[in-house]
Protein chains: 2
Amino acid sequence: MSRAAVSQNFRAIDVIRKKRDGLELSRHEIESLINAYTRGEIPDYQVSAWLMAVVLRGMTRPETAALTDAMLRSGEVLDLSSLPGRKVDKHSTGGVGDKTSLVLAPLAAAAGVTVPMISGRGLGHTGGTLDKLESIPGFNVSLTVAQFRRVLEACGCCMIGQTAEIAPADRKLYALRDVTGTVESPYLICASIMSKKLAEGVDALVLDVKTGSGAFMKKEEDAVFLAELMVETGQRMGKQVVALITDMDQPLGRKIGNALEVIECVEILRGEGPEDLRQLCLELAGWMLHLGGVSSSVEDGKKQGAKLIGSGIALERFRQMVELQGGDPRTVDDTRKLPQARHTEMLASPASGYITAMQCEQIGTACVVLGGGRERKEDSVDPAVGIVLHKKVGDAVSAGEPLATIHYNAESRLASARQLLEQSFEIAAAPPSHKRPLIHRVIGHKGAQPGAKN
Amino acid sequence: MSRAAVSQNFRAIDVIRKKRDGLELSRHEIESLINAYTRGEIPDYQVSAWLMAVVLRGMTRPETAALTDAMLRSGEVLDLSSLPGRKVDKHSTGGVGDKTSLVLAPLAAAAGVTVPMISGRGLGHTGGTLDKLESIPGFNVSLTVAQFRRVLEACGCCMIGQTAEIAPADRKLYALRDVTGTVESPYLICASIMSKKLAEGVDALVLDVKTGSGAFMKKEEDAVFLAELMVETGQRMGKQVVALITDMDQPLGRKIGNALEVIECVEILRGEGPEDLRQLCLELAGWMLHLGGVSSSVEDGKKQGAKLIGSGIALERFRQMVELQGGDPRTVDDTRKLPQARHTEMLASPASGYITAMQCEQIGTACVVLGGGRERKEDSVDPAVGIVLHKKVGDAVSAGEPLATIHYNAESRLASARQLLEQSFEIAAAPPSHKRPLIHRVIGHKGAQPGAKN
C-alpha cells in the first residue's frame, strides 16, 4: 500500500496508539474518529480506550477545538441569523442552588438580546435547569426546533432540553464516558459543553465556572484551567466567549430544590431575594448584555439589568416565556401555586457562634436524598422538596436558632437528609477570618470583543 | 448503603477510576475485574478503558503479580507433580529465525528435565513455534491435556498450542488489547506470558528476552525492564525464573521460514548448524538443566547439553517426540522430506565490503510477504517458503557474491520480498567497529535458586 493510500485509510487503532503515545492528532484524524463513532462504525471498546488515553495524555488547544468542532457538526447546527439581535447564551458548570439561568434568560431578552438556551437535567449533587422549569405546572422543555424558534421570535428567550438533532456525538460519547471513568477530563468536558452550546447558533457565550466545595472543580486552579480551555476553544471557533470563575463553596442564594428555586428566581425578578444571587445574576447579565451588543460596558449592562428588574419588565418577560412554553403563568404571580411539600422540619443550631463553612456538596446531596435530584439518570424528581437556608457563611447564630428548613414529602427520606444537613454546617466561636469573593476571576474578556450595538 | 456493603460490592467503574488516578489496586480488585470479565459480566468497553489506564499509569509489582495470578487461575492449572523430575520451560519474546525451542525441548528432556511446552503462532514479523512444528507432515500441536501428559511421560517433552482451558482470561484480554492499542505495556505483556507459562505447572522457567532491530523491545533498557518484571513476578509466585537478554539485531542462525527452521534445528541436534544458534541453545539448555536440578551449574549444564548432542541422544529424543505427536519421523533423518519451495532465487551483493548491520524486522517481514508468516491471525502459512542467509553481520562480501537465497512458491510475492531483503543489508568498506554480544545480560540468577538434584 502506498503511503498516500495509508493516510487516506482511517484506522481507529492508529488514532488510539498515537494519542496513547502522547502525539498530537490531526483535525482529520479527530473528525474521522468522531464521525465513524457517531455512525456506529467503531465499537465502544475502541473509543473508550481512546477516551482514557485523552484523559491521561491531555489534548492540545488545536486538538480540543477540532474535537469540539467534530462533535458540534455531528448533528444539526441551528441557524438563528434570521432572528433579531445578537444571540447570547450562558452556561454554568453546575452547583448547589445555582439557578441564575431562570433569571438571566428573560432579563437579557428584555434588554434586546436573543437567548436560545438549551439546558440539562440534574445529576449527582447538582440541580438541573430543566428539572426546575418542569416544577412549573405545564412547562414544556421538549420543544421541536420549529417551536423553539417561534418562542424565541415571540419573547427573545426560550429554554429547552437537548434535542436528538443537536450534537448526537456528545450524547453517545457522554454515555460511554459515564461508565468508563472518562468524565473527568477538562478537554472532554470542554468539548462536550462547547459543542452543544455552539450548536445553538449563538454569537457569544458567558460561562459561569464554579469553584469550591459544591462545584465539580473544587480547586480554583482546575476551574481556571477549564475556563481558559473553553474560552480559547470558543474563540478559535469564531465566537465571543467569556468565563467568570464564581464561588460555590456554599450554596447560591437560600433556596435549594426545584420549585423552591423557581420561587427564589421570581423573588429576584421582583427585586427581592438574597443578595449573593442578585449580584451574580446582575454580573452575568452585564456580560450577556455587553457581548450581546446592547450595552457599552459590563457596568452599563448591569445597570440596565437592574432597571429591567426594578421596572418589572424582566419578570413580565419571564411570565411570557412560561406561558409560551405551556406553563401556568399564574405561578409567577403567586408562587404558592407551585408544588409544595407536605411537611417542613426546622433544623436548629446546636451551638452559638458563627457559621465558618458549609459542606456545599453535602447540602446538595441532602436535597437529592429528599427526592429533589437524581442518583441515576432514570430516577424521577420530586419538584416540591428541598432546603431553605436561614444562615450562611459569616452569619452569627444562637443555639436553638433555625439554620435551615427541610421541605419533605416522604418521612422515610427525612432522617438521612437531616443528618447530612446537620453535618454540613461548621460553627465556631469566631467569625471566619477570610471571606471568599463571589466572583473570583474573569477570563477571556480581552479576547472577547463586545459586539457592535444593533 | 453501609461502607462495608460498598466495599464488598465490586464496581468496575471504581477500579477503572482508581487506576486512572494512579492508585494501587488491591489483589481483590484485580481478581474481581478479571473474573467478572472472563465470565462476561463486564463489557469490553470498560475493560479497554482500564487497559489503557494500565498502559499509561503502569502497575506496581504486587499488582502485576495479582494480575498474573488472576489470569492464571481463570482456567485450568496443570498439575504435573506425578511426572518424574522438575518441570522446566523456556519462553522467548520472539524474533526472526528464533527457533531454539525445537532444540531445547528434546535436549533438556534427554538430560532428565521434564519440558511441558505450550507455544504460540507467528504474528507480525516474528515466527511461531507451532507453525514451525506443523511444517513436519502430520505433527499435531492440538493435543488434549491427557494426550499432552502421555507424551510427556513417554519422552519427557511435548510441544502444543494453547488449549481453551489454559488462561481463558488471557485469550479474551489479548484479543481486546490487539484492537485497542493496549498491547505495548510491559505489565500486560508480563501477565500474559507468565499466566500462560505458570499454568503449565512448571517449577522453573528460563526466559529469552530479545533486544535489537528484530525484537519487539528494540531498546535494551526496555528488554531489561520486562525481564526484571517477569522474573520478579514469577518469583513472587514461588517459581524459579531466570531471564537472558539476548541479541536480535540480526536473525538467529541462517534459516528463516517454517520448514527451513526445522531443518536448521535438526542440524544443531546433529552437532552441525550455525555457531550463534548452537551457542544460544547451549546457554539456554545450561540454565534449563541447572534450574531443572540435573546439573550443578550452568556451565555443567552446557557441557551435558553438548554431550547429549554429540552422542545423538538429543536428536533421537526429538525424533521420538515428533513420532509421538503424529509427525513423520523420517523427516528427522532426511529433511528433504519436509515441504520444499518450488523455486529459489539468489540475492547477490551489490558491492564489496563488510556487512555492518541488518534490518532484522524487515527480513522477518520479507518472510511474511513470501507467505511464511501472518499479517492477520486468520491468515494461513506456507511451510516451505523462507530465506537462507549466506552472510551475517561482520562478514566480508564481494560484489556479486550471494547474500541470501529466497525460497518461494508464488512469483507474485517474490518482487516485494526481494526488495525488502535487498534493503535489509548494510554494506560498508570497513567492518563494524562494535560486535554485539549474543547474550547481553542474565537477570534473576541470584534470586533463582537451583533445584536440588533428583
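The exercises below work through chain symmetry, helix packing and an aromatic pair in a predicted model.

**Exercise 1. Chain symmetry**

Task: Find which rotation and shift superpose chain A on chain B, and name the relation.

Solution:
- Two copies of a chain are related by a rotation about an axis and a shift along it.
- Here the rotation is 180 degrees and the shift along the axis is 0.0 Å. The RMSD of the superposition is 0.0 Å.
- That is the relation of a two-fold axis.
- To locate the axis in chain A, start from A:Y45. Its C-alpha is the nearest one in chain A, 1.9 Å from the axis.
- Now take the interface. Of the interface residues of chain A, 100% are also interface residues in chain B, so the copies meet through the same surface.

**Exercise 2. Helices α2 and α4 of chain A**

Task: Classify the packing of α2(A) and α4(A), then list the residues in contact.

Solution:
- Helix α2 of chain A covers residues 12-20, and helix α4 of chain A covers residues 44-57.
- Their axes come within 9 Å and cross at roughly 20 degrees.
- Angles under 35 degrees count as roughly parallel, so α2(A) is roughly parallel to α4(A).
- The crossing of α2(A) past α4(A) is left-handed.
- From α2(A), the contact takes A:A12, A:I13, A:V15, A:I16, A:K19 and A:R20. From α4(A) come A:Q46, A:A49, A:W50, A:A53, A:V54 and A:R57.
- Sorted by class, this contact has eight nonpolar, one polar and three charged residues.

**Exercise 3. Helices α3 and α5 of chain A**

Task: Give the crossing geometry of α3(A) and α5(A), its hand, and the classes of residue in the contact.

Solution:
- Helix α3 of chain A spans residues 27-38, and helix α5 of chain A spans residues 61-72.
- The axes come within 9 Å and cross at roughly 35 degrees.
- α3(A) passes α5(A) in a right-handed crossing.
- On the α3(A) side stand A:R27, A:I30, A:E31 and A:I34. They meet A:E63, A:A65, A:A66, A:L67, A:D69, A:A70 and A:M71 of α5(A).
- The contact divides into seven nonpolar, no polar and four charged residues.

**Exercise 4. Helices α8 and α15 of chain A**

Task: Decide whether α8(A) and α15(A) are roughly parallel or antiparallel.

Solution:
- α8(A) covers residues 145-155 and α15(A) covers residues 313-324.
- They pack at about 155 degrees, with axes 10 Å apart.
- Angles over 145 degrees count as roughly antiparallel. α8(A) and α15(A) are therefore roughly antiparallel.
- The crossing is right-handed.
- A:V151, A:A154 and A:C155 of α8(A) make the contact with A:R317, A:Q320, A:M321 and A:L324 of α15(A).
- The classes are five nonpolar, one polar and one charged.

**Exercise 5. An aromatic pair**

Task: Classify the ring pair A:Y187 and A:F225, and place both residues.

Solution:
- The count is two aromatic pairs over all chains.
- In the pair A:Y187 and A:F225, the ring centres are 5.9 Å apart and the planes are at 85 degrees, so the pair is edge-to-face.
- A:Y187 lies in helix α10 of chain A (residues 186-198), and A:F225 in helix α11 of chain A (residues 220-236).
- The pair therefore ties together parts that are 38 residues apart in sequence.

Key
Residues numbered from 1 in each chain as written. Chains lettered and ligands numbered in written order. Predicted model: local features only at pLDDT ≥ 70, side-chain atom pairs only at ≥ 80, totals over all residues. Heavy atoms only, no water. Least-squares fit on C-alpha atoms with pLDDT ≥ 70 in both. Contact = heavy atoms within 4.5 Å. Axes fitted to C-alpha atoms, helices over the stretch in contact; angles between N-to-C directions. Helix = DSSP H or I, 4+ residues; strand = E, 2+ residues; numbered from the N terminus. Parallel < 35°, antiparallel > 145°, perpendicular 65-115°, else oblique. Left-handed = near helix turned anticlockwise from the far one by under 90°. Nonpolar A, V, L, I, M, F, W, Y, C, P; charged D, E, K, R; others polar. Phe/Tyr/Trp six-rings, centres within 6.5 Å; stacked < 30°, edge-to-face > 60°.
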